[in-house]
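Reader: Hey, got a minute to walk me through this one? I'd like the basics before I look at details.

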Amino acid sequence: MAIHSMILLVNCCQVLCKRYDVVSLDFGEAVEAAFWQFKINKRIRQYHITGFTLGKIAKLFINTLLILTQFGFCCVYFVFMSQNLKQVFDASGAVLGEQVWVGILLPMIILLCWIRNLDTLVPLAIVANLCLFFGLGVILYHVFYLFAEKEARIYSGCGVVAASIGGTALPAFFGNALYSYEGIGMILPLENKMKTPKNFTRVLLSAMLVITFIFVSIGTLGYLAFGSEIEDSITLNLPKDKHLHS
């Protein structure tokens with residue numbers, strides 16, 4: 001559903017760009033332009049409500065929702081980064097609270113947010129992706145090491161997965177699944193920056209298939225390896241020793 005919604009959003013935006021002869025539209029502008037197409041009922045028009053009026057309201061509504069969702073996602077990122085940094089430096093003897101790490105990270109993140117051109121972030125994105133794949137490699141190495149060390153863990157992990165379905169675990173799963181695809185806020189900005197926007201759908205499908213495969217693989221292997229001891233972030237399950245963190 002998330003991928004279908006992304007493709008639908010891009011297709012609609014491309015149609016609106018052609019119809020109004022503009023190069024690109026952001027989220028608010030796209031929904032505003034869509035409301036301009038509405039044929040308002042005569043009974044509603046008598047209250048001086050037009051497509052332009054509804055478009056302004058819809059644009060404000062969408063921009064508000066974007067701010068709220070991105071704020072929520074950023075809060076999760078701060079928690080993730082602070083927890084992992086705390087684990088790394090605690091193993092090295094430099095013990096600081098999570099709140100302290102959030103305060104240390106905040107100025108750096110604010111500076112990054114001042115960068116308005118996505119092209120400027122390309123080198124940082126490449127480095128981040130390399131670090132991401134290195135981290136995945138470390139996680140997979142540790143997971144398969146556990147499988148080789150204690151094969152019984154695999155079967156106990158399966159029981160945990162089956163027992164976790166239902167109760168409070170199911171809503172938490174849907175929340176995590178929605179968060180995993182939170183990149184929808186970057187869809188239109190990325191499409192607007194492409195040299196050939198018509199190829200964006202193919203690029204998006206390829207990227208989402210790879211991402212989905214990684215999520216499903218790491219999630220499944222994590223449960224099979226750690227069972228009921230699995231943490232919110234699998235990196236927190238890595239051994240807490242200096243050599244690994246270095």
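Author: Sure, we can go through the fold, the confidence, one helix pair and the cysteines. Keep in mind that this is a predicted model.

Reader: OK, how many helices and strands does the protein have?

Author: There are 11 helices and zero strands. Reading from the N terminus, the elements are simply α-α-α-α-α-α-α-α-α-α-α.

Reader: And what share of the residues counts as buried?

Author: Of the 246 residues, 22% are buried. The exposed surface comes to about 17,000 Å², with carbon and sulfur atoms supplying 70% of it. As for contacts with a separation of 6 or more, 64% come from residues 24 or more positions apart.

Reader: Where is the confidence lowest, and where is it highest?

Author: Helix α7 (residues 152-164) is lowest, with a mean of 47, while helix α5 (residues 98-113) is highest at 87. Over the protein, pLDDT averages 76, and 78% of the residues score at least 70.

Reader: What does pLDDT do over residues 152-166?

Author: pLDDT stays under 50 there, and the model has 15 contacts beyond four places in sequence for that stretch. Where pLDDT is low, the predicted coordinates should not be read in detail.

Reader: Fair. Back to α5 then: what span should its 16 residues have, and how far apart are the end C-alpha atoms?

Author: At 1.5 Å a residue, α5 should span 22 Å, and its end C-alpha atoms are 22 Å apart, so the two agree. There is a kink in α5 too, of about 30° at Leu106, shortly before the proline Pro107.

Reader: Which residues does Ser82 touch?

Author: Leaving out residues up to four places away in sequence, Ser82 touches Glu98, Trp101, Val102 and Leu105. Ser82 itself sits in helix α4 (residues 51-92).

Reader: Is that serine buried or exposed?

Author: Ser82 is buried, because its relative accessibility is 1%.

Reader: New topic: how many disulfides are there?

Author: The count is zero.

Reader: Why no bond for Cys12?

Author: The closest cysteine sulfur, in Cys13, is 8.6 Å from the sulfur of Cys12, which is too far for a bond. The cut-off for a disulfide is 2.5 Å between the sulfur atoms. Cys12 is partly exposed, at a relative accessible area of 41%.

Reader: And why none for Cys75?

Author: Its sulfur is 7.2 Å from the closest cysteine sulfur, in Cys74, so that is also too far. With 35% relative accessibility, Cys75 counts as partly exposed.

Notes:
Residues are numbered from 1 along each chain as its sequence is written. This is a predicted model: local features need pLDDT of at least 70, side-chain atom pairs count only at pLDDT 80 or more; totals for chains, interfaces and linings use all residues. Side-chain values use heavy atoms; hydrogens and water are left out. Buried means under 20% relative accessible area, exposed over 50%, partly exposed in between (1.4 Å probe, protein chains only). pLDDT is the predictor's confidence in each residue, from 0 to 100. Helices (H or I, at least four residues) and strands (E, at least two) are DSSP runs, numbered from the N terminus. Contact means heavy atoms within 4.5 Å. Accessible areas come from the Shrake-Rupley method with a 1.4 Å probe; for residues, only the protein chains shown count as cover. The expected span of a helix is 1.5 Å times one less than its number of residues. The bend at a residue is the angle between axes fitted to the seven residues ending there and the seven starting there.
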